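Here's a quick briefing to read with the model open in your viewer. Grab a coffee and let's walk through it by topic.

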Amino acid sequence: MPYLALLRRNPQFARLWAAQAVSLIGDWFNSIVIFSLVSVYTNGSGAAVGALLLARFLPPLLVSPLAGVLLDRYDRKTLLIASDIIRSVIVIGFLFANSPDRLWLIYLLTILQFAVSAIFEPGRSAFTPSVVRRDDLVDANVLGSQTWSLALAIGGALGGFIAGAFGIQTALLLDALTFGVSAAFIWSIRPDQPQPERAPHTGGISARDFIEGLRYARAHPQAGSALFVKFGGSIGAVDSLLVAYATVLFPLYLAGSATTAEQAGSFSLGVLWTAFGIGALLGPIVIARRSDGSLRTMRRLILFAYAFITVGWLVFGASTTLLMAAGAMLIKAMGSNVYWTYSSVILQKTVDDAYLGRMFALDMAGFQLATVLSVSVTSAVLEAVGSMQAQTVTLWTAVVSLAPLVIWYLITRWLDAREPHRHPAPVAGD
């Protein structure tokens, strides 16, 4: 097993990976519960679900500039542990959002939780090169993406089942526990590689630190162009549409049981997210199986990933059953996993450590910006036309997704022309 060998060669990375794995499984417990609650409390309101998505993605977008500077100025390990502990406390607060009149509490706690997450996600990516051998960076990132996928498949299935069978309180308590376990794993990490010295921080943090990061991205096209990838791949509000499909179009009522609307939505949403997780697991196998680790090849694989996303949107829009919708999510997720993985590897291979925190914060900000814009537009449209028209909205999303595909193709040609000619390994489909 290549990944077992990877973990044995990099024992400190193995602990970071374990923290990621246990935390991600809990995250999906939380997501399925909260989305189902909001949808049920508001009778399937597209605006209410859209507002929840904005509460998840807008705070990190606003906090990202500060988060990136913090990660380049202070100890990344300490920041990761603090982020886990704070989020564990916040998640416990969701237990008190147990009726429609406390819907406001869900939004408030979500804002706080994801504002703190703005430090953890780019921090983990920036911390990875410090605990893994450089020649293992690609495999480490692929494993990270595969873990996200497997956690989605497991967490989506278990989260939907536990929330439906044992109640939302159990699912939320398990989520809070996973943050604590993640913090313990990270605390135990003892990097065996010399850590780069952080820039002096006695003068405080200013906008100048963030501007320096923007200048770095502009001066280094390899890194700067990679910042587009997650932005382009995140066009389209998959979460909004998944909730509409699960709770309005294809709720899953179990035969012979008194399934409530809340439970039916949770079951169906669990099925769709599980399919997404399985697709993400298959992505590297189908699209990226012949990667040679070169920048040129990784850029071309991202191009294939964008194509899979467009196909996935088209099939999702044409779906007439929950099973067909799940198949569409599988296709889309295959592409999503690949572009996410290789855009991160490109940054880790081309960015100096002193700027790595800011680059990953900008990278996540691009993802969050695209998501906020997509959620705003999709939610407004669903509110205007009704969630029953979610399939039509999905088909228009498929058309829009062609834009990043074309833009990345042009970027790839431009970067290839700037570099000395090499002969990259052939990619499936060439």
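Let's start with a charged residue: glutamate 212 sits at 29% relative accessibility, so it counts as partly exposed. Its salt-bridge partner is arginine 358, with the closest N and O atoms 3.7 Å apart. Keep in mind that this is a predicted model. Overall, the protein has 16 helices and 0 strands.

**The salt bridges**

- The Arg358–Glu212 pair links distant parts of the chain, with arginine 358 in helix 14 (residues 353-385), glutamate 212 in helix 8 (residues 207-219), and the two positions 146 residues apart.
- Is arginine 358 buried or exposed? At 9% relative accessibility, arginine 358 counts as buried, while its partner glutamate 212 is partly exposed at 29%.
- Another bridge is formed by arginine 296 and aspartate 416, whose side chains meet at 3.9 Å, N to O.
- Arginine 296 belongs to helix 12 (residues 295-317) and aspartate 416 to helix 16 (residues 402-418), so this pair ties together parts that are 120 residues apart in sequence.
- Here too the burial is mixed: arginine 296 is buried, with a relative accessible area of 10%, and aspartate 416 is partly exposed at 21%.
- Some bridges share partners, and these join Asp72, Arg76, Glu212, Asp353 and Arg358 into one network.
- Within that group, arginine 76 pairs with aspartate 72, the closest N and O atoms being 2.9 Å apart.
- Both ends of the Arg76–Asp72 bridge are buried: arginine 76 has 2% relative accessibility, and aspartate 72 has 4%.
- Searching the whole structure turns up 11 salt bridges.

**The nonpolar cores**

- Which residues touch the most other members of the largest nonpolar core? They are Val38, Ile106, Tyr306 and Phe316, in a core of 95 residues.
- Helix 13 (residues 322-350) gives this core its largest share, 13 residues.
- Apart from that core lies another one of 18 residues, including Leu7, Ala19, Phe120 and Leu143.
- As background, nonpolar side chains in soluble globular proteins tend to be buried together.
- If you want one residue to click on, try phenylalanine 316: leaving out residues up to four places away in sequence, it touches Leu241, Leu242, Tyr245, Ala325, Ala328, Met329 and Thr394.

**Helix 10, wrapped up**

- Three of those Phe316 contacts show up again in the next list: Leu241, Leu242 and Tyr245 are among the buried residues of helix 10.
- Why is helix 10 (residues 238-249) described as largely enclosed by the rest of the structure? Because 10 of its 12 residues are buried.
- The buried set is Val238, Asp239, Ser240, Leu241, Leu242, Val243, Ala244, Tyr245, Ala246 and Leu249.

**Two buried spots to zoom in on**

- Valine 91, in helix 4 (residues 76-93), is buried with a relative accessible area of 0%.
- What does valine 91 touch, once residues up to four places away in sequence are set aside? The list is Asn30, Gln113, Leu172, Asp175, Ala176 and Phe179.
- Valine 91 and isoleucine 106 are 15 residues apart along the chain, and their C-alpha atoms are separated by 9.9 Å.
- Serine 64, in helix 3 (residues 46-73), is buried as well, with a relative accessible area of 3%.
- Not counting residues up to four places away in sequence, serine 64 touches Ala361, Ala365 and Gln368.

**Out on the surface**

- Leu174, Leu177, Val181 and Phe185 make a nonpolar surface patch of about 300 Å².
- Leucine 177, a member of that patch, lies in helix 7 (residues 168-187).
- Is leucine 177 buried or exposed? Its relative accessible area is 53%, over the 50% cut-off, so leucine 177 is exposed.
- The protein's accessible surface comes to about 17400 Å², and 68% of that belongs to carbon and sulfur atoms.

**Whole-protein numbers**

- How many of the residues count as buried? The figure is 57% of the 430 residues of the protein.
- Looking at contacts with a separation of 6 or more, 86% are between residues 24 or more positions apart.

Definitions and conventions: Residues are numbered from 1 along each chain as its sequence is written. This is a predicted model: local features need pLDDT of at least 70, side-chain atom pairs count only at pLDDT 80 or more; totals for chains, interfaces and linings use all residues. Side-chain values use heavy atoms; hydrogens and water are left out. Patches are made of residues with over 30% relative accessible area and no salt bridge: like charges are joined within 9 Å, nonpolar side chains (Val, Leu, Ile, Met, Phe, Trp, Tyr) within 5 Å. Accessible areas come from the Shrake-Rupley method with a 1.4 Å probe; for residues, only the protein chains shown count as cover. A salt bridge is a side-chain nitrogen of Lys or Arg within 4 Å of a carboxyl oxygen of Asp or Glu. Helices (H or I, at least four residues) and strands (E, at least two) are DSSP runs, numbered from the N terminus. Buried means under 20% relative accessible area, exposed over 50%, partly exposed in between (1.4 Å probe, protein chains only). Contact means heavy atoms within 4.5 Å. A nonpolar core is a set of buried Ala, Val, Leu, Ile, Met, Phe, Trp, Tyr and Cys residues joined through side-chain atoms within 4.5 Å.
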